[in-house]
Amino acid sequence: MQAAVALTLLLASSAPHEVPATDRRVLPVVLFTVTDTLRLTSRTDLLRRLDDVAQAEADLSAELMPTADPCTKLDSTAERFTCIAAQAGRDERKSLTDEVLIISVAQTDAGERFSALLLDWRVTNQLVTETEREKVGSALRRRAIVARSPPLEARIPDDVQLFVSRLFTDTLSARFRQAPYGVVELLLERSGCELRLDGQTLGGLGDAPVTRIVRVPPGRRQVDVQHPAMMPVTKTLVVEEGGVVQWRPELVPRDQSAVVANQVVRWTGVAAGVTGAAIGIYAVVSAPDHNVCLDEGAGCPDLSAKPYYLTGKVRYSSVAVGLSALGVTAAVSNWLLAENERFPWLEIGLAVAAGAVGWLVPAVVP
C-alpha cells in the first residue's frame, strides 16, 4: 500500500516526457511592411510570438516563408497573392497547411497598424488557371481569402502580443481549432523504452515514470513498448478526441538464455550449411574414377549407375546433404520464426528432421 502511494506521488510530481505521434502542421507566414524596420517588434520576434500562440491555441507551427519576399514588391494585390500561392505550391511537405497567413504592418504616428488575412493558396492557384486575367482579382477576394482580422493600432509591445493572441483565439479560431487528437499516457517502470504506434516507431524513447504520446489520431490504436532487457508488450487502446488514455505496461525481464540459444541456432545453422556445401564440393572433385565433365560423352562417367561419392568408409553424399539440409533449415527457420523471449525448440526440431532426411536421401536414391 505504501509503495503504491509513493509511486502515485512520484508520478504526480514528475513532469511528463512527451513524444509526438504525428508531425505538427506548418502554417506559412508572409510579412508585408511599409518600411524595412519595425519599431515595436522585429520580424524574428513577431514570428516567435506567432509560433508560440499557434502551438498553444491551434497545435500549429508558424513558419516564415522567405521565398515569398519578392512577392511583396509587386504592385497589385492579385499579383502578390498569385505569387505567394505559387511559392507555397512548390513546398512538397505533407504537413503544410492549405492556407498562408499574410500579416501587414504599416507605421502610424502613434505606433504600428497590424492586420492579417488568411489566403487559401490551393484555391488561388486554381483560380489563376481557370479565371480570365481581368477577373482574377475579384475572384481571389471572393473565394481565396478565407478569413480577415480587424486592424489593431499597436502603441506598445503588449499590443503586438494582443494582436497575435486575437488571431488564433478569434479570427482564425474557426479555421484552426485544436486538432481532434487524443493522448496516450504511459506509466513506465523503466526508462529507455522504444515506443511504437500502429507499427510506426516514434521519435523519442519512453522515459520513466510518465511518457505522454501526444497528437494521437482518434480510434483504435496499437501501442508497442519494447526494451532490450524486457519482453515486448502490445496493447490496443481506444483513443477519443481530446481524451487521455492511461496504460501501465507490465514489463517482464527477458530470458537471456533464450536470446543466446536463438543466436547459437542461427549461426550454427549457417556454419553447418557452409560445411555441408564444402564437403559436397570436395566429394565431387576427389571421387575415384571420376572426371568432372560439363557434357556427357566420351570419358564422362554415368553418374546414375556409380556411387562416385563413396570414398573409403565415408559416404560424402550423406554428410554433405545432411549437413546442408540441417544448416539451411536451422538458419532460415530461426530467421523467420525466432522470438528472442522463446527458446528455439521448434527450429531445433525442424533442423534435426531436415538433417536426418538429407542424410538418408543419398542412400535411397539410385
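**Figure 1. R215 and its contacts in strand β10.** Setting aside neighbours within four places in sequence, R215 is in contact with P20, A21, T22, D23 and R24, and also with D59, Y181 and G182. Everything here comes from a predicted model, so read the atoms in this view with that in mind. R215 itself sits in strand β10, which runs over residues 210-216. Is R215 buried or exposed? Buried: its relative accessible area is 10%, and the cut-off for that label is under 20%. One of its contact partners, T22, offers a polar pairing: the T22 backbone oxygen lies 2.7 Å from a polar atom of the R215 side chain. The backbone of R215 is worth a look too, since phi is positive, at about 55°, although R215 is not a glycine.

**Figure 2. D198, another residue with a positive phi.** D198 isn't a glycine, yet its phi is positive, at about 55°. Where does D198 sit? Look in the loop that links β8 (193-197) to β9 (200-206). With a relative accessible area of 41%, D198 is partly exposed, while R215 from the previous view is buried.

**Figure 3. Helix α4 and its buried face.** Helix α4 covers residues 121-130, and W121, T124 and L127 are buried in it. Why do these buried residues line one face of the helix? Looking down the axis of α4, they fall within an arc of 120°, so one face is what they line. Turned away from that buried side is a face carrying the exposed residues T129 and E130. What do the buried residues of α4 pack against? Two helices, α3 (77-89) and α5 (136-144), plus two strands, β4 (99-107) and β5 (112-120). Zoom in on the start of α4 and you'll find a side-chain oxygen of D120 reaching to within 3.1 Å of the backbone nitrogen of R122.

**Figure 4. The pairing of α4 with α5.** These two helices pack at an angle of about 150°, and their axes are 10 Å apart. That makes α4 and α5 roughly antiparallel to each other, because an angle over 145 degrees counts as such. The crossing is right-handed. On the α4 side, the contact is made by V123, T124, L127 and V128; on the α5 side, by V136, A139, L140, R143 and A144. Two of the α4 residues in that list, T124 and L127, are the ones already met as buried in the previous view.

**Figure 5. Helices α2 and α6 crossing.** At what angle do α2 (residues 43-58) and α6 (residues 157-171) cross? Roughly 35°, with axes that come within 9 Å. This crossing is right-handed as well. From α2, the residues taking part are L46, R49, L50, V53, A54, E57 and A58. They meet P157, V160, Q161, V164, S165, L167, F168 and T169 of α6.

**Figure 6. L96 in the loop between α3 and β4.** L96 belongs to the loop between α3 and β4. It's buried, with a relative accessible area of 6%. Which residues does L96 touch, leaving aside those within four places in sequence? R25, V26, P28, A88, D91 and W121. That last partner, W121, is one of the buried residues of α4. For a distance to check on screen, try L96 and S61: 35 residues apart in sequence, their C-alpha atoms are 9.5 Å apart.

**Figure 7. S115 in strand β5.** S115 is found in β5, one of the elements that the buried residues of α4 pack against. Neighbours within four places in sequence aside, S115 contacts I102, I103 and S104, along with S149, P151 and F163. L167 is 52 residues away in sequence from S115, with 9.5 Å between their C-alpha atoms. L167 also appears in the α6 part of the α2 and α6 contact.

**Figure 8. G280 in helix α7, with the whole chain for context.** G280 sits in helix α7, residues 256-286, and counts as buried at 18% relative accessibility. G280 and S324 are 44 residues apart in sequence, and C-alpha to C-alpha they are 9.1 Å apart. Zooming out, the chain has nine helices and 15 strands, and 38% of its 366 residues count as buried. Among contacts with a separation of 6 or more, 67% are between residues 24 or more positions apart.

How values were computed: Residues numbered from 1 in each chain as written. Predicted model: local features only at pLDDT ≥ 70, side-chain atom pairs only at ≥ 80, totals over all residues. Heavy atoms only, no water. Buried < 20%, exposed > 50% of the residue type's maximum accessible area, 1.4 Å probe, protein only. Helix = DSSP H or I, 4+ residues; strand = E, 2+ residues; numbered from the N terminus. Arc of directions from axis to C-beta. Contact = heavy atoms within 4.5 Å. Polar contact = N/O pair within 3.5 Å; in protein donor to acceptor, adjacent residues only side chain to side chain. Axes fitted to C-alpha atoms, helices over the stretch in contact; angles between N-to-C directions. Parallel < 35°, antiparallel > 145°, perpendicular 65-115°, else oblique. Left-handed = near helix turned anticlockwise from the far one by under 90°.
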